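Today I am opening my notebook to look at pockets. My plan is to take them one by one and write down what lines each.

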Amino acid sequence: MDGTNSNVDQNAGERLGNYDTEDLQRIGVQLSAERDLPLLLAVRNSTFVSHDQLYRLLADSGTEHNRRCFNWRVRRLVCGAHIRAVLAIAPYKGLVYSITRFGLAVLESYGEGLVSITSGSRNMPNILQTPHFLELNEVQLAFRKTGMLKSWKTDRELISLNYVIGTPLAKDYDAIAELETDGETLRIAIEYERTIKSADRYREIQNAICDEGQIDMVLYLTSTLDLVFTLSREFNRPALPMCFVSAAKLRACVLDTVLLFAYGSMRETFSLREAIVTVLPIKG
């Protein structure tokens with residue numbers, strides 16, 4: 001009996017010797033479908049997400065309620081190479097996370113894959129894009145505070161939808177927010193511009209979205225206030241209602257944010273709340 005056990009232990013040791021430390025950490029992580037998978041999905045869909053943002057997103061969805069347990073769960077998944085951590089980026093709080101190829105493979109094994117990003121994708125997100133996605137996370141959290149946010153789809157989810165649905169969106173928006181108000185659902189496409197594109201590119205965008213049938217309004221957010229006016233001038237007589245405002249102002253005031261509203265020949269200064277009321281009667 002002792003000899004048999006000794007041989008088993010020796011064979012096991014030889015097998016384990018073929019793995020590196022990271023592989024052993026992965027093997028040792030037992031996943032919870034109720035707690036770990038929602039965390040992995042949130043990291044993947046966000047592309048990049050800060051520690052504080054991730055906790056707030058999961059808390060808002062009812063997945064996490066205890067900060068200490070959350071911290072332990074994140075450390076465990078980082079050690080297991082399901083997600084990777086990069087340095088914090090001011091002014092966002094905490095380390096920043098992104099999904100790894102192994103984390104994507106795990107989600108795929110649970111039937112939670114996306115066409116837009118897979119464990120076999122040639123390129124993974126560039127860390128230089130991090131501020132763009134962190135700001136979009138903040139905007140999502142701001143909308144959640146209103147109590148009107150019915151759903152939020154990130155660009156990764158939208159790109160996948162555009163691959164598989166028969167009537168794709170006119171473009172791959174940064175996000176789509178579905179707001180529920182007065183018993184109706186308003187679908188708002190979110191675009192966040194940190195820098196201005198060429199005039200030709202904005203003409204292409206305007207031509208592409210003029211017949212957009214799945215969006216009720218486009219909300220353009222900018223990194224600075226001066227870009228609001230520069231950007232709004234690129235869209236002449238838009239066929240789809242459009243709003244322009246800095247991301248910082250939106251996060252601070254959300255529905256009461258004063259923004260530029262454009263639709264056809266109309267150019268007005270509205271609050272976001274007033275813009276929603278204006279769009280409801282004319283939405284498709």
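Entry one. I started with the largest pocket and looked up its volume, which is about 370 Å³. I keep in mind that this is a predicted model.

Entry two. Which residues lie nearest the centre of the largest pocket? I found Ala42, Asn45, Gln140, Arg144 and Trp152 there, out of 18 residues that line this pocket.

Entry three. Next I asked which elements supply at least two residues each to this lining. My list has three helices, H3 (36–46), H4 (51–60) and H7 (130–145), together with strand E4 (149–154). Strand E4 gives the most, with 6 residues.

Entry four. I sorted the lining of the largest pocket by residue type and got 7 nonpolar, 7 polar and 4 charged residues.

Entry five. I moved on to the second largest pocket, which holds about 260 Å³ of space. Its lining includes Ser116, Ile117, Ser121, Asn123 and Pro125. Also among the lining residues are Thr47, Gln129, His132 and Phe133, and I noted Asp155, Arg156 and Ile159 as well.

Entry six. Which elements give two or more residues to the lining of this second pocket? They are H7 and helix H8 (155–164). Helix H8 gives the most here, with 3 residues. I like that H7 turns up again, since I had already listed it for the largest pocket.

Entry seven. Last, I sorted the second lining by type: 4 residues are nonpolar, 6 are polar and 2 are charged.

Note on methods:
Residues numbered from 1 in each chain as written. Predicted model: local features only at pLDDT ≥ 70, side-chain atom pairs only at ≥ 80, totals over all residues. Heavy atoms only, no water. 1 Å grid on protein atoms, 1.4 Å probe; cavity = no way out; pocket = protein on both sides within 12 Å on 5 of 7 lines; lining within 4 Å. Points joined across faces, edges and corners; volume = space filled by probe spheres on them. Helix = DSSP H or I, 4+ residues; strand = E, 2+ residues; numbered from the N terminus. Nonpolar A, V, L, I, M, F, W, Y, C, P; charged D, E, K, R; others polar.
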